[in-house]
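Work through the exercises below with the sequence and the model in view. Each task is followed by its solution.

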Amino acid sequence: MTLAAYTAAERPDLWQRGIPSADVWPEYNLHGDVLNRWWGHLDEELADYQFVLYDEAEDAVVAEGHTGPLWWDGADGTLPDGIDPALEQIFQHARAKEPVNALCALAAESPRSGRGRGLARQLLEAMRGIAERQGLTHLIAPVRPATKDRYPLTPIERYVYWRRPDGQHFDPWMRIHERLGARVATPLPQSLRITGTVAEWESWTQMAFPESGDYVFPDGLAPVHIDREADLGAYWEPNVWMIHPDVA
């Protein structure tokens, strides 16, 4: 498949034809406390860092990517504590016009129906191309492991080190990153915060939560804590920092 990558700044017409989030993510993932505060500003303020993959033969946008620049000194211990603080740092640097040297991959989005076509690798390669054009040194990614939802009770600190018998990463999304040279840096048990009322969580998950407690739910990477007295469902999505080879 021959695809071309265009940023939202280069081809706003294609960007407007991008992939609906509901075709990519489970419903609960669309309600991040911090994520939703910033997400809609990415293409407004950082259009050079958002892009689509375009199939010219079919005249179709088949995937899109979200990234943002920040400053990182290269030490694993100074990486942001998750995607939420990474987003906050990205906009802090952008709005203050502070120096940046790292591209943070925020999302690689393709419809569920289009997966298995090699789009993931092309999305990551396009991100590297953006880092090169912007003169950034580092490429970092707070990765959402693809099959962690099958093991929601396993701590992310253990899951990210699982390996197949052939030595490759157990998780397929982490495996793609590793094949492009990335390494595991820091597990992130509290990367993305999502809270809502009990009714909202029941709607998002199509589950009933009859009493307070921790619940495993469809597509969840970890349990959600339900507090019926406070009318609150609270969830921390775990991720893992993967560090790609330096760009320059």
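**Exercise 1. State what covers the buried residues of helix α5, and describe the helix.**

Step 1. The cover over the buried residues of α5 includes β1 (3–7), β2 (50–55), β3 (60–70), β4 (102–109) and α7 (172–179). Helices (H or I, at least four residues) and strands (E, at least two) are DSSP runs, numbered from the N terminus. The model is predicted: local features need pLDDT of at least 70, side-chain atom pairs count only at pLDDT 80 or more, and totals for chains, interfaces and linings use all residues. Residues are numbered from 1 along each chain as its sequence is written, and side-chain values use heavy atoms, with hydrogens and water left out.

Step 2. The buried residues of α5 (under 20% relative accessible area, 1.4 Å probe, protein chains only) are L119, L123, L124, A126, M127, G129, I130 and A131.

Step 3. Just after α5, G135 has a positive phi of about 70°.

**Exercise 2. Place A146 and decide: buried, partly exposed or exposed?**

Step 1. A146 sits in the loop between β5 (138–143) and α6 (156–159).

Step 2. Its relative accessible area is 39%, so A146 is partly exposed, a class between buried and exposed (over 50%).

Step 3. Leaving aside neighbours within four places in sequence, A146 is in contact (heavy atoms within 4.5 Å) with D171, P172 and W173.

Step 4. From A146 to V198 there are 52 residues in sequence and 26 Å in space, C-alpha to C-alpha.
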